[in-house]
Amino acid sequence: MARNAHAYALSANDLLSGAQVFWSTNGGWSTSFDQALFSQQSQALEPLGTAEEAANRVVGAALIPVDANRRPIALRDQRRLQGVSVAVRTTDNERSANANTAPALARAA
Amino acid sequence: MYAYDHYDQTFVEQRAAEFREQIDRRLSGALSEDEFKPLRLQNGLYLQLHAYMLRVAIPYGVLNSKQLRMLGNLADRYDKGYGHFTTRQNIQYNWTKLSDVADMIDALASVQMHAIQTSGNCIRNVTTDAYAGVAGDEWLDPRPSAELLRQWSSLHPEFAFLPRKFKIAVLGAAQDRAAMKFHDIGLWAKLDAGGQPTYDIWVGGGQGRTPRVARLYQEAVPLADLLPTLDAMLRVYNLAGRRDNKYKARIKILIDEMGIEAYREAVDEELARIDRSVFATAVTEYQRIAAQFETAQRPALQGQAIAQESPAFHAWLQQNGMAHKIDGYAAVSISLKTKGAIPGDASGAQMRAVADLAERYSAGEIRVSHRQNLVLPWVKLNDLGALYAALVEQDLAEANIGLASDIIACPGLDYCALATARSIPVAQALSARLREREQRDGPIDLSLNISGCINACGHHHAANIGILGLNRTESETYQISLGGRADDKAKVGEILGPGFSQEQVPDVIETLLDTWQAHRRDNEDFSQTFERVGKQPFKEAVYA
Amino acid sequence: MPNASSNVAALDLGWLLQSSGAFSHAAVPTLDLLVEPEAADTLGLNNLLALKGVGLVFKSPHDGRSFSLARQLRNAGFSGQLVGLGRLMPDQARHAFQSGLDALWLEDQLVQRHGADAWQNALNVVVADLYSQQRLPLGLTERLALPDIWQRRQNAAAKTLPPKHCL
């Protein structure tokens, strides 16, 4: 695995929402990296990712190599954790906030 | 415009219902991700870094106001209040949930829209000139050809699982405003002596890791032969294109490797076997489609004139207006590149505002350009002043169409799972800096494009100044290329040298502009200067 | 059965989905040859034309070569049976039949995982509403032999024209 990796976290996209999730110390998926489980053995997490994908809970399971400060080593992982660089609505698909501006959608038969 | 009839509508609705059912089978586990992937991609659904992304087709970049309003509503209801117009005249939503997609697609179907084949290894949404039907230099409206191709390629039985994506662009004017020569197949429609459409077929263009300008495959192919020829060209590619390496799977590599003559022979062999009765209805169908576009054209208007307004108005019209094919009208671009903006992004409110303006001032019609801007194609000259005032109010009157600050940029590492570097913050910083310079020193007439990875969705190869974001030892570095262009003299840019950090980029670009100004003779455009003086003076200035 | 595939024994019993819509648990049809897409060039199109039954192998859900191979064979005049085998999805059935295949032969586990319903329904979805002319194998049932959208539009337009004597 990655050079200089001190430990690994397991990440994926949630199948339904597509949000980035991390295998947590609670033995389930969490959207918070703070709750991620770290293991020094990549082999300990890899099969878990495969199993969770096969159980249709997540997609794109992959290890995140981190340094001793639990900071991701790969640029892609760092950027992904930081989130988008632009200001976006933080509420999650807020449907009511725009009720005044967005007319109801015509639902096709 | 082309309006769906009962058959088109049924098709799109059935396809929406089918995808809803495919999503259900994915959620139940009947479809594995490996199987679902090509199916979801063919319905425009990607998986990105933070969410799913839904790319909605805007066939050949044409929208009516009702459709644009729906796109705005989708942005607010299912996304975070905005959408991103792409270089292939589509729009994509970056915060889609799998559980919402089927409803989004139903909503699209209710306004004769869909997301079919905006992604995946199939024939993608066909693109064209954003000024189709209204450009002064046009001899044939390319939209009927593009619509015919949309219908032919939709769910084509053989070509849904190709080695790689396949992009087609159609032109019908003297000038190339669709980057036609950077497509897998480019069609340059012309008229024969009898006034019937014929097509020059260009093949093997593309950007990505191995940029290629398309080569002329065949001239003056009559309409009746167009679909059989394309069928044969695609069949040879589907069978012989490489599947062992996705970077070598495009048709440009097949043609590089087998040679255009051998490719032509293989296609001719196919063509000789093809059952032409299969395409017997195509010409009649083309005529039916073309008639709809013709009916939608407006008659010339008398007594229209551009009123004397503020200097700002005239500067805007000079930069964003386009001479119209028909007397009494102008085609006007709305820049989605205001100072410091994210190229191609529009909020739901902006989309609804433009839809309203199109209704009032542009016969209800809007276009999306491959440079990620919008066009109002039917503005009466008398209305230009009022339109300008309304655009100013919406902060949509930036007068920079075709200038350096009219930057093309892909979503980059902010959203895209394939990206190697961020492109949005670079574009924003440059947009602020360059727009300031333009406002201070006058228009800077060149193209500047940014891609966040070698796949080149931001068309960096095809720009006078191209910027490519790369990952060098886990930090972002931006490589610059010069001298590319996307018009009829299409050319791939040359790499200048080692890359720069994100912070350095704006200064470097300004140095390049200064260097151009120092060497520029008369009214040379950037390519002319660059071809005359070469890379060296730019290199010396930047790496001094 | 000569073949380019190594695993014929495993193909003994499975499900057969025919272009007619018939779907049954059956033995693998008698085929003269199994063709993997890579081998097609070497075998030579003309050498296949006289065969009665040819199996076209699908190697992954992303690989559409055998669709074009089927169409190529049909265009060249092949009139025998074309059977698709391998890694197929129900959603690809219409592509297969419209490309000129007569049947898909599916392993038990493939039918089990996708569900027999999905396979049985594979032909009910959208097929009748494709735009471009159908590219149908010989001997299709009437259900599939519906004209495509372009043809139906033209038929409808012809019907609405006034009779000649009124013109």
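**Exercise 1. Find how much area chain C and chain B bury between them, and which residues of chain C lose the most.**

Solution. Start with the total. Chain C and chain B bury about 4,100 Å² between them. Of this, 55% is on carbon and sulfur atoms. Buried area is the accessible area (1.4 Å probe) that two parts lose on being put together, summed over both. Next, go to the chain C side. Y131(C), W150(C) and R153(C) lose the most area to chain B, together 18% of what that side buries. Then count residues. Chain C gives 41 residues to the contact and chain B gives 50 residues. Contact means heavy atoms within 4.5 Å.

A note on the model: it is predicted, so local features need pLDDT of at least 70 and side-chain atom pairs count only at pLDDT 80 or more, while totals for chains, interfaces and linings use all residues. Residues are numbered from 1 along each chain as its sequence is written, chains are lettered from A and ligands numbered from 1 in the order in which they are written, and side-chain values use heavy atoms, with hydrogens and water left out.

**Exercise 2. Describe the polar side of the interface between chain C and chain B.**

Solution. First, the salt bridges: there are 8 between chain C and chain B. The rule asks for a side-chain nitrogen of Lys or Arg within 4 Å of a carboxyl oxygen of Asp or Glu. R25(B) and D91(C) form a salt bridge, with their closest N and O atoms 2.4 Å apart. Second, the polar contacts: 23 residue pairs, both at pLDDT 80 or more. A polar contact is a pair of N or O atoms within 3.5 Å; within protein, one must be able to donate a hydrogen and the other to accept it, and residues adjacent in sequence count only if both atoms are side-chain atoms. Third, the elements. In chain C, α3 (65–75), α4 (93–98), α5 (108–114) and α7 (149–160) each supply at least two residues of the side that touches chain B. Helices (H or I, at least four residues) and strands (E, at least two) are DSSP runs, numbered from the N terminus.

**Exercise 3. Place chain A relative to chain B and chain C.**

Solution. Take chain C first. Chain A and chain C do not touch; their nearest C-alpha atoms are 13 Å apart. Now chain B: 48 of its residues are in contact with 37 residues of chain A. The area buried there is about 3,600 Å², with 54% from carbon and sulfur atoms. One salt bridge is found across this interface. E476(B) forms a salt bridge with R79(A), the closest N and O atoms being 2.2 Å apart. Finally, rank the pairs. Of the 2 pairs of chains in contact, chains B and C share the most contacts.

**Exercise 4. Trace the sheet of chain B that holds β19.**

Solution. Write the order: β16-β17-β18-β19-β20, 5 strands in an open sheet with mixed pairing. Strands pair if DSSP finds at least two bridges between them. The edge strands are β16 (408–409) and β20 (494–495), each pairing on one side only. Then join the inner pair. β18 (residues 465–472) and β19 (residues 475–482) run antiparallel, joined by 8 bridges. In β19(B), S481(B) is the bridge partner of G466(B).

**Exercise 5. Is R250(B) buried or exposed, and what does it touch?**

Solution. Locate R250(B): the loop between α6 (223–240) and α7 (251–258) of chain B. R250(B) counts as buried because its relative accessibility is 11%. The cut-offs are under 20% relative accessible area for buried, over 50% for exposed, and partly exposed in between (1.4 Å probe, protein chains only). List the neighbours: R250(B) touches R164(B), K165(B), K167(B), D184(B) and Y237(B), not counting residues up to four places away in sequence. With D184(B), the side chain of R250(B) makes a polar contact of 3.0 Å.
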